[in-house]
Amino acid sequence: MSWLPKNPNFWLGAFIFWLISLFTLSSFKLPGPETPSIPHIDKVIHFGFFYGGSGLLCAYLFWRQSKQVNWKRLIG
């Protein structure tokens, strides 16, 4: 996937945007139509939202790491 940005600051910014949207969505009652009556749809949406946030955080940590892995420090 060479089209994805490799700059860790991009992924950190995306994660911070995710945190802000998490705060906003959980703090206010958004007006709009009721959700469809699918059983446990709120659990599915909750899982998907946090799965996306964890992906952004993992991308930031992956691109932030140095290219050379210190195996002695990692194992010990």
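In this predicted model, the side chain of S21 reaches out to the backbone oxygen of W18, at 2.8 Å. S21 sits in helix α1. With a relative accessible area of 18%, S21 counts as buried, because the cut-off for that label is under 20%.

Stepping back to the whole chain, the fold is easy to list: there are three helices and zero strands, so to speak a plain α-α-α pattern when read along the sequence. Of the 76 residues, 12% count as buried. The accessible surface of the chain adds up to about 7000 Å², and 70% of that belongs to carbon and sulfur atoms.

Now for the inside. The largest nonpolar core is made of seven residues, namely W11, A14, F15, W18, L56, A59 and Y60. Two elements, α1 (8-27) and α2 (41-64), each give two or more residues to this core. The top contributor is α1, which supplies four residues. As a general matter, nonpolar side chains in soluble globular proteins tend to be buried together.

F15 makes a handy example from this core. It is part of helix α1, and F15 is buried because its relative accessible area is 15%, which falls under the 20% cut-off. Once neighbours within four places in sequence are set aside, F15 is in contact with G53, L56 and L57. Another pairing shows how the chain comes back on itself in numbers: F15 and G55 are 40 residues apart along the chain, yet their C-alpha atoms are separated by 8.9 Å.

W18, whose backbone oxygen is the one reached by S21, is also a member of the core. Again leaving out neighbours within four places in sequence, W18 is in contact with F49, F50, G52, G53 and L56. G53 and L56 thus turn up in the contacts of F15 and in those of W18.

Looking from the other side, the buried residues of α2 are G53, L56, A59 and Y60, and these pack against α1. Of these, L56, A59 and Y60 also belong to the nonpolar core. As for the length of α2, its 24 residues should span 34 Å at 1.5 Å a residue, and the end C-alpha atoms lie 35 Å apart, so the two values agree.

Note on methods
Residues numbered from 1 in each chain as written. Predicted model: local features only at pLDDT ≥ 70, side-chain atom pairs only at ≥ 80, totals over all residues. Heavy atoms only, no water. Core = buried A, V, L, I, M, F, W, Y, C linked by side-chain atoms within 4.5 Å. Buried < 20%, exposed > 50% of the residue type's maximum accessible area, 1.4 Å probe, protein only. Contact = heavy atoms within 4.5 Å. Expected span 1.5 Å × (residues − 1). Areas by Shrake-Rupley, 256 points an atom, 1.4 Å probe, with all protein chains shown as cover. Polar contact = N/O pair within 3.5 Å; in protein donor to acceptor, adjacent residues only side chain to side chain.
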